[in-house]
Amino acid sequence: MPDRSTPPSRLSSELSNWYRANARDLPWRRRQFHDEYGAWGTLVSEFMLQQTPVSRVIPHLEAWLRRWPTPASMSRATPAEVVQQWANLGYPRRALWLHRAAIEITDRHRGEVPRDVDALLALSGIGDYTARAVAAFAYGDRHPVVDTNTRRVLARVLDGRSQPGPASRRDLVTMAALLPQADADSAVFNAAAMELGAVVCTARSPRCERCPVVDVCAWVAAGRPDTGDERRRQARYEGSDRQARGAVLKVLRDAAGGDVPADAVIPDWPDAGQRDRAIDSLIADGLVEAAEGCLRLPR
DNA sequence: CACCCGTGGAA
DNA sequence: TTTCCAAGGGT
């Protein structure tokens, strides 16, 4: 196990300085965004950013928040409305979880997005990353925020590996040890590590010549070895159950939440058994509703 | 911990 | 064309 107990000094300050000068101008980093939507805006953006690229989130985020500017307003929507507004952002269960979280916030927290990490963790669809991202970026509190970008940066700079291993609680401990003492500074450093991983220390062809911490990077010092990728490969999508589910849901979204005869939903799917399993699993997930021989988004 | 869950752009 | 990967989380 790599030793992370003695990280290179000044890593935090160098990264933070680089971030202050080079951060991308993203919607959720703007003062006006926070003024208008508060922690709810941060929470929604983080939900959308779970496994969906920044460039695809941006055009959806504004429309979403204009329609549902508060948790209470979204709590009054139907699942069908939410899943349809989610459109093609992917992993539609996240839309359901976000909806559920809005209801939980309305019921348990008087419509205010909680600031406490444990309270955030108790909400649907919120895990270690999102809970701390909201606490740090919306409320400015000092917590280790570790996403896939940060894990890759830590793996390279500290461990000299080309790619991070599976996500682990150990990454939280490592990041916590690197945080500057001041709350505001620690929020910046969290964002800086993510930003470096997103634009410089990328998974493929990293731009080390533009890296502000290249001189303290263990991976560069070791000659940028390919240490192999410990992560399990993403399953093939073509022909998968996920593809079938996606096709079913697209038909129902395109029907604008209206009823669609069950036998008119992807009738020519190559594998009829797979199609039926997909529909059943979507119903089990609460993403589809069956009624009178028809399928529809749940009302 | 391993596996599952969408979608689309880039290499 | 195929593969990779993207501000993860639930089970």
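**Close-up views of a predicted protein–DNA model**

**View 1. A salt bridge within helix α3 of the predicted model.** Glu 62 pairs with Arg 66 in a salt bridge whose closest N and O atoms are 3.0 Å apart. Both residues belong to helix α3 (residues 54-67), where a spacing of four residues places them about one turn of the helix apart. Glu 62 is partly exposed, its relative accessible area being 48%, and Arg 66 counts as exposed at 56%.

**View 2. The salt bridge between Arg 169 and Asp 128.** The two side chains meet at an N to O distance of 2.8 Å. Because Arg 169 lies in helix α10 (residues 169-178) and Asp 128 in helix α8, the pair ties together parts that are 41 residues apart in sequence. Arg 169 is exposed, with 56% relative accessibility, whereas Asp 128 is partly exposed at 27%.

**View 3. The salt bridge between Arg 24 and Glu 195.** An N to O distance of 2.9 Å separates these side chains. The pair links distant parts of the chain, 171 residues apart: Arg 24 sits in the loop between α1 (11-22) and α2 (31-48), and Glu 195 in helix α11 (residues 183-199). Arg 24 is partly exposed, with a relative accessibility of 31%, whereas Glu 195 is buried, with a relative accessible area of 1%.

**View 4. A network of salt bridges.** Asp 259, Glu 289, Arg 296 and Arg 299 are linked in this network. The count of salt bridges in the model comes to 18.

**View 5. The protein surface near DNA strand C.** There are 27 residues around the strand, of which Trp 28, Leu 49, Thr 130, Asp 147 and Arg 233 come nearest. Sugar and phosphate make up 62% of the strand C atoms that come within 4 Å of the protein. By residue class, the surface divides into nine nonpolar, eight polar and ten charged residues. Helices α6 (93-108), α8 (128-138) and α9 (148-157) each contribute at least two residues to the surface near DNA strand C.

**View 6. Polar approaches to the phosphates of DNA strand C.** A polar backbone atom of Gln 51 is 3.2 Å from a phosphate oxygen of the strand. For Asn 149, a polar side-chain atom lies 3.4 Å from a phosphate oxygen; for Arg 152, the corresponding side-chain distance is 3.2 Å.

**View 7. The span annotated "domain: HhH-GPD".** UniProt lists residues 48-199 under this name in an unreviewed entry. In the model, the span is 64% helix and 0% strand, and its end C-alpha atoms lie 19 Å apart.

Notes
Residues are numbered from 1 along each chain as its sequence is written. Chains are lettered from A and ligands numbered from 1 in the order in which they are written. This is a predicted model: local features need pLDDT of at least 70, side-chain atom pairs count only at pLDDT 80 or more; totals for chains, interfaces and linings use all residues. Side-chain values use heavy atoms; hydrogens and water are left out. A residue is near a molecule or strand if one of its heavy atoms lies within 4 Å of it. A polar contact is a pair of N or O atoms within 3.5 Å; within protein, one must be able to donate a hydrogen and the other to accept it, and residues adjacent in sequence count only if both atoms are side-chain atoms. Ala, Val, Leu, Ile, Met, Phe, Trp, Tyr, Cys and Pro count as nonpolar, Asp, Glu, Lys and Arg as charged, and the others, Gly among them, as polar. UniProt positions are given in the numbering used here, feature names are shortened, and annotations may be inferred rather than shown by experiment. A salt bridge is a side-chain nitrogen of Lys or Arg within 4 Å of a carboxyl oxygen of Asp or Glu. Buried means under 20% relative accessible area, exposed over 50%, partly exposed in between (1.4 Å probe, protein chains only).
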